Amino acid sequence: MFKNTRQAKTNTIISEDEILADMEDLFVVGPTKLKEIVKHFVGELQKGLDHEGATVAMLPSFVTNRPTGKETGSYLALDLGGTNFRVCEVYLEGQSSVRLRQKKFTIPEECKNADGVVLFDFLASSVESFLKDSGVVPSEKELELGFTFSFPVNQTALNAGNLLVWTKGFNCGNTEGKDVVEMLNQAFVRKGLKVKVAALVNDTVGTLMSHAYNDPQTLVGVILGTGTNAAYVEKIENIKKWKGATPASGEMIINCEWGAYDEEKAMLPLTQYDNKLDAESQNPGQHIYEKMISGMYLGEICRNVFLDLIEKKCLFNGYLSEELKKQNSFETAFMSRIERDYSADLSDTKIVLQDLLGVPNTTARDRRIVRRIVELVGIRAARLSACCIAGLVTQMKKLDGCTVAIDGSVFEHYPHFGNRIQDALRELLGIFAENITLALGKDGSGIGAGVIAALAN
Ligand code: GLC
């Protein structure tokens with residue numbers, strides 16, 4: 001990691017300033033690089049629209065109408081793919097107003113790596129428990145459900161689609177290449193539940209649709225959470241690979257699957273710490289952009305930096321705790337806490353290091369280094385997110401104004417994330433950045449599945 005001159009200094013204590021200067025060299029992404037990324041990303045979007053099998057897959061969602069806000073009715077929705085799994089009842093009240101009743105479930109770790117049937121049976125039992133709690137008994141007519149399944153799926157209809165590849169730590173057997181709607185419907189049949197999937201929805205598409213229910217300017221839905229991705233409204237004539245009929249609206253929402261951007265590692269400013277994370281991940285070589293941006297990975301990038309500095313005796317006096325040895329032990333939530341620590345002696349950072357990571361007796365210097373590394377990794381993530389948002393707005397030619405709805409734990413809870421995106425958008429788009437509204441689309445993935453089920457009705 002250290003520059004040659006610094007490497008040459010054997011037996012010299014490397015100063016805090018030198019360490020941080022090297023880290024800044026690695027992690028700061030300047031405006032020129034940001035612009036290069038946007039240009040390259042737009043080229044990758046085009047490839048995905050032109051043909052199948054591109055790195056950025058640009059998957060047609062089969063959603064061709066946006067809501068008016070007048071839709072009404074009550075819909076069941078199931079949301080799988082983030083930190084929690086949720087079953088919801090979405091009440092569309094018309095006049096752009098929505099009520100949501102939901103129950104969160106934690107997916108047992110073993111379900112994430114078991115046979116697909118085990119996972120889908122777990123999902124069906126959760127729906128059963130939700131319905132029991134709410135006293136709803138599906139009668140003669142099957143209950144229709146919007147299924148938000150936030151993984152790359154090649155949809156073949158609004159209610160059918162084959163899983164391309166698992167992401168975000170899921171790795172269930174006998175599922176890739178299969179129709180996940182059919183798998184869920186079969187699990188409902190096994191449980192004797194009269195529930196049927198009406199629409200299969202990516203969380204980004206759900207976020208866009210849910211926000212569009214009360215803001216018709218919404219043209220993009222982004223997730224910045226456990227993983228990252230976006231969906232946007234594209235003109236059908238621009239989707240060269242689309243072989244289906246032209247919808248009356250003339251448009252289709254595209255699920256970009258931008259997490260996979262730059263799997264060729266040709267453009268993104270990857271460091272040795274990112275490469276280590278990738279090599280040790282469940283899906284090496286895949287979802288490279290997601291691994292630099294999303295909640296599942298940011299903490300682990302920091303941990304990789306800490307390990308390197310500890311080994312070089314530049315941090316914690318060379319002490320490596322048992323906890324820090326464990327993969328993913330430095331959670332992204334700890335980064336949020338450390339970035340919120342404005343105390344002069346970084347006292348909360350001290351508590352995090354001591355109580356959660358087993359590193360006692362840290363010095364103020366250690367804590368300043370830790371905080372700055374966290375900040376550099378957090379800022380880089382926000383700035384890289386801005387690149388792809390700018391890329392989509394450019395592709396849509398909507399620099400004159402649109403709303404980007406964003407959901408996910410990183411956007412919602414990581415301090416300054418939204419402001420940092422906005423700053424980078426200003427560097428990229430100048431005055432036009434003011435026309436882009438970034439809006440929190442809370443619970444969008446679940447609500448959007450209800451909205452789409454309503455439109456399908
Ligand atoms: C991963 C999934 C994608 C999802 C995103 C955010 O990138 O592949 O489908 O939208 O995470 O949850």
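Q: In what order do the 6 strands of the open sheet that includes S1 stand, and what is the pairing?
A: The order is S1-S11-S10-S9-S12-S13, and the pairing is mixed. Strands (E, at least two residues) and helices (H or I, at least four) are DSSP runs, numbered from the N terminus. Two strands pair if DSSP finds at least two bridges between them. Keep in mind that this is a predicted model: local features need pLDDT of at least 70, side-chain atom pairs count only at pLDDT 80 or more, and totals for chains, interfaces and linings use all residues. Residues are numbered from 1 along each chain as its sequence is written, and side-chain values use heavy atoms, with hydrogens and water left out.

Q: Why are S1 and S13 said to stand at the edges?
A: Strand S1 (59-60) and strand S13 (436-440) each have a single partner strand, so one side of each has no neighbour in the sheet.

Q: What makes S9 and S12 a pair?
A: Strand S9 (residues 218-224) and strand S12 (residues 402-407) run parallel and are joined by 5 bridges. In one of them, threonine 218 has threonine 403 in S12 as its bridge partner. Helix H14 (residues 364-396) packs on this sheet, touching S9, strand S10 (228-235), S12 and S13. The direction of H14 makes about 5° with that of S10.

Q: Which strands are the edges of the sheet ordered S4-S3-S2-S5-S8, and what makes them edges?
A: This one is an open sheet of 5 strands with mixed pairing. Strand S4 (98-105) and strand S8 (195-201) each pair on one side only, and that puts them at the edge. From one strand to the next, the twist averages 25°.

Q: In which sense does S2 pair with S3?
A: Strand S3 (residues 85-93) pairs with S2 in the antiparallel sense, over 8 bridges. Tyrosine 75 stands opposite valine 90 in S3. The two strands form a hairpin with 4 residues between them, and glycine 81 in the turn has a positive phi of about 145°.

Q: In which direction do S2 and S5 run, and how many bridges join them?
A: Strand S2 (residues 72-80) and strand S5 (residues 143-149) run parallel, with 5 bridges. Leucine 78 has phenylalanine 147 as its bridge partner, and leucine 80 stands opposite phenylalanine 149.

Q: Why is H3 described as it is relative to H16: parallel or perpendicular?
A: The axes of helix H3 (residues 31-50) and helix H16 (residues 417-429) come within 10 Å and cross at roughly 80°. Axes are lines fitted to C-alpha atoms, for helices over the stretch in contact, and angles run from 0 to 180 degrees between N-to-C directions. Angles under 35 degrees count as roughly parallel, over 145 as roughly antiparallel, 65 to 115 as roughly perpendicular and the rest as oblique. So H3 is roughly perpendicular to H16.

Q: Which residues of H3 and H16 meet?
A: Pro31, Leu34, Lys35 and Val38 in H3 meet Ala424, Glu427 and Leu428 in H16, where contact means heavy atoms within 4.5 Å.

Q: Why is the protein called as compact as a globular protein of its length?
A: The protein has 17 helices and 13 strands. Its radius of gyration is 23 Å, close to the 23 Å that the globule rule gives for 457 residues, so the label fits. That radius is taken over C-alpha atoms, and the rule is 2.2 Å times the number of residues to the power 0.38.
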